[in-house]
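Visitor: I would like a close look at a single part of this protein, the largest pocket, and at how its surroundings are built. Could you take me through it with care?

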Amino acid sequence: MNKLKFGLFFSMLLSLVACANDEPYTVKVGYTNGTTSGRHGTGEIIVTTLSGGMVNFAMGAIGTYPGAMSTGGRMDAPAHIEGDWAKGNPEPNSGYISYHRISADIPKEAEAKMKLMDNYYQNFDRSYGSMQVIIDGPRIRVFYTKGCYSHRMDCTPKKNIDPNGWVVKSPTGSTDVVVLFDGIGESSKTPFPNTEFVDLDKRREFYNN
C-alpha cells in the first residue's frame, strides 16, 4: 500500500515537473503598430503565440515609427501572423492606393531571439519590452525591443552575446531590436473581401459623389 502511494506521489511529482518545463517563455510588453513609409491604415492584424494566445495589433491609422502604442500585457513568442492593411495615398484624406494581407507562420527562432534581447545588455535591465508590428506597403515585420536608447542609457552589450548577429538597429537607428518576422503580403489595387476597407471605400465614394 505504501509502495502504491509512493508510486502515485512520484508520478504526480513527475507530471508537475513536466508541466513546469512546458511553461512558455513569456515577456511583459507594450504593443506597437508603426510604419517607416508614410500613411497606412490597419484592419485586423492578429499575432498568435506558441501557447495559442492572440493579440490584435490593429490600431487604426498610422504614419510614423514607432507609431501607435497600447499598454499591452504579457505574451509568449509569436508563432503566426494574419491580417490586412492598406497603404495611404500621400495626399491627405485621399484614400488608399494599395491593399495588403498576409497569413504566415513566424520562424521558430522567435523565442530564442526574445531571450537574447532580454539578456543582451551589460548594465541595462528593464522588466518590460515592446512588441512591434511594422507595415510598409506589402512588407510586414515583427520586432521585439527592450527600448535601450544610448543617448541616455548604457546600452553596452555583453561580450560575445550574439554570435548569430540577430540584434540589429531599429529603422530610426535609435535602439536595438530583434526581427522575429519579415515577410511580404499579397497586394491588390482594391480592398480584399470581408475586410473593413470595403466599407470604408464605399462610404468614401458615397460622400465624394
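**The largest pocket and its surroundings**

Guide: In this predicted model, the largest pocket has a volume of about 300 Å³. Of the 18 residues that line the largest pocket, those closest to its centre are Met69, Ser130, Gln132, Gly147 and Tyr149. Two elements, E1 and E8, each give two or more residues to this lining, and the largest share, three residues, comes from E8. By class, the lining of the largest pocket divides into five nonpolar, 11 polar and two charged residues.

To place these elements, one can turn to the sheet: E1 and E8 belong to an open sheet of six strands, whose order is E5-E1-E8-E9-E11-E10 and whose pairing is mixed. Strand E5 (68–76) and strand E10 (167–169) stand at the edges, and because each has a single partner strand, one side of each is left without a neighbour in the sheet. From one strand to the next, the twist averages 35 degrees. Helix H2 (residues 110–118) packs on this sheet, where it touches strand E1 (26–34), E5, strand E8 (129–136), E9, E10 and E11, and the direction of H2 makes about 160 degrees with that of E11. Within the sheet, strand E9 (residues 139–145) and strand E11 (residues 176–184) pair in the antiparallel sense over six bridges, and arginine 141 stands opposite aspartate 182 in E11.

The second largest pocket, with a volume of about 180 Å³, offers a useful point of reference. The second largest pocket is lined by Glu44, Glu82, Gly83, Asp84, Arg101, Ile102, Ser103, Glu186, Phe192, Pro193, Asn194 and Thr195, and the elements that give two or more residues to this lining are strand E6 (78–88) and strand E7 (96–105). Its lining has three nonpolar, four polar and five charged residues, whereas that of the largest pocket has five nonpolar, 11 polar and two charged.

As for the setting of both pockets, the protein has three helices and 12 strands, and buried residues make up 40% of its 209 residues. Among contacts between residues at least 6 apart in sequence, 74% join residues at least 24 apart.

How values were computed:
Residues are numbered from 1 along each chain as its sequence is written. This is a predicted model: local features need pLDDT of at least 70, side-chain atom pairs count only at pLDDT 80 or more; totals for chains, interfaces and linings use all residues. Side-chain values use heavy atoms; hydrogens and water are left out. Two strands pair if DSSP finds at least two bridges between them. Helices (H or I, at least four residues) and strands (E, at least two) are DSSP runs, numbered from the N terminus. Axes are lines fitted to C-alpha atoms, for helices over the stretch in contact, and angles run from 0 to 180 degrees between N-to-C directions. Contact means heavy atoms within 4.5 Å. On a 1 Å grid over the protein atoms alone, a cavity is a set of points where a 1.4 Å probe fits but cannot get out, and a pocket is an open set with protein on both sides within 12 Å along at least five of seven lines; lining residues have an atom within 4 Å of a point. Grid points are joined across faces, edges and corners, and a volume is the space filled by probe spheres set on the points. Ala, Val, Leu, Ile, Met, Phe, Trp, Tyr, Cys and Pro count as nonpolar, Asp, Glu, Lys and Arg as charged, and the others, Gly among them, as polar. Buried means under 20% relative accessible area, exposed over 50%, partly exposed in between (1.4 Å probe, protein chains only).
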